[in-house]
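Reader: Could you take me through the aromatic side chains in this one? I'd like a close look at how the rings pair up and where they sit.

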Amino acid sequence: MKTVAWELCIALAAVAGVGAGYLLTESGTTVPYPSGVPEKIAALDPGPKTDLIRYGQELVEDTPRFIGKGAQNPGMAYGGNNLSCQNCHLNGGLKPFAAPFVSTAATFPMLVDNKVITLPDRINSCMTLGLNGKPLPEDSREMQALIAYLEFVGKDTPEGVRLPGSGLMPIAVPRDVPSARRGETVYAQHCLSCHGQDGQGAPRLPPEVGYYVPPLWGEDSFNGGAGMGQIAYAASYIRANMPIGVDHENPVLSVQDAWDVAAYMIVHPRPVAPARQPVAPMIIEELPIPAPPEAEAEVSGQELVPDLTAPPPPPRAP
């Protein structure tokens, strides 16, 4: 029954986005995925707009130094941890299927559950969930810089269109119920060498703040409302991007391994989601999947993930 329930939960999650937001399409666009973005930014003519774009790039790549928990200016400590945006949005938000920024500006505002979600809303969703902090003021230089960077990265994307490689890579339903116990073995084989036995990653050396390798759980990780705290998002992201150096064209982990190690990651403790978390969906394939509307709401299927003390589920018959 658990296996059947799991499949139903995944199926429902996949179609839920049609009612929760508008369908973004990749079909029909001939716009190529952007390349050479850092070089293009470096070559921009001097001026206030260029300064804003470059500051946005710095904020994405070195978030904790400017607005993280360990910010140089304590009054700018909007983040509740010392993660960088690019700890999840890899390569400055440019890596395909690592939740890149290439089509972000073109797809907002977005209608979700009859509510208009703006680009600042989406950015502040990352601030309060991924960075476990507080929203940036919409009129702040930091918010305007992040928007300027996202707009530059996606300047060639047609409005309302996602370029191929945007969002997260499609992933099949797992053959067996995801098992944190099996995931522990996958973690030991493929993840431990970078993220560590305790999952706390590799911090930068003082006076720098942040991480060479981010923590996957614990007090300095993302909170329970973040996209990476939801098993479907995590499995999709992990398969396309992990271990480091992997890309979506040559995944190392099997589909089942990705689901299992995602289960292992999310059963560990982390900060609690805010009571009124913003609803800003991530996307797998073309369908936005809504975050739970309340912090206490269970994510579809997540309650079916066994913890490490439970015996592994029996394999399904072929």
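Author: Here is a walk through the ring pairs, followed by the charges that sit over rings. Keep in mind that this is a predicted model. The count comes to five aromatic pairs. Take Tyr 55 and Phe 66: their ring centres are 5.6 Å apart and the planes meet at 80°, so this pair is edge-to-face, the label for angles over 60 degrees. Tyr 55 belongs to helix 3 (residues 48–61) and Phe 66 to helix 4 (residues 63–67), so the pair ties together parts 11 residues apart in sequence. Buried or exposed, these two, Tyr 55 and Phe 66? Both are buried.

Now on to Tyr 187 and Tyr 264. Here the centres of the two rings lie 5.3 Å apart with the planes at 50°, so you'd call the pair tilted. This pair links distant parts of the chain, with Tyr 187 in helix 8 (residues 180–190) and Tyr 264 in helix 11 (residues 255–266), 77 residues apart. Tyr 187 is buried, its relative accessible area being 3%, and Tyr 264 is buried as well, at 5%. Add Trp 217 and you have one aromatic cluster, made up of Tyr 187, Trp 217 and Tyr 264.

Rings also turn up beneath charges. Lys 134 has its charged end over the ring of Tyr 78, 5.4 Å from the ring centre. Likewise, the charged end of Lys 155 sits over the Phe 152 ring, 5.7 Å from its centre.

How values were computed. Residues are numbered from 1 along each chain as its sequence is written. This is a predicted model: local features need pLDDT of at least 70, side-chain atom pairs count only at pLDDT 80 or more; totals for chains, interfaces and linings use all residues. Side-chain values use heavy atoms; hydrogens and water are left out. Rings of Phe, Tyr and Trp (its six-membered ring) pair if their centres lie within 6.5 Å; planes under 30 degrees apart count as stacked, over 60 as edge-to-face and the rest as tilted. Helices (H or I, at least four residues) and strands (E, at least two) are DSSP runs, numbered from the N terminus. Buried means under 20% relative accessible area, exposed over 50%, partly exposed in between (1.4 Å probe, protein chains only). A charge sits over a ring if NZ of Lys or CZ of Arg is within 6 Å of the ring centre and within 35 degrees of the ring normal.
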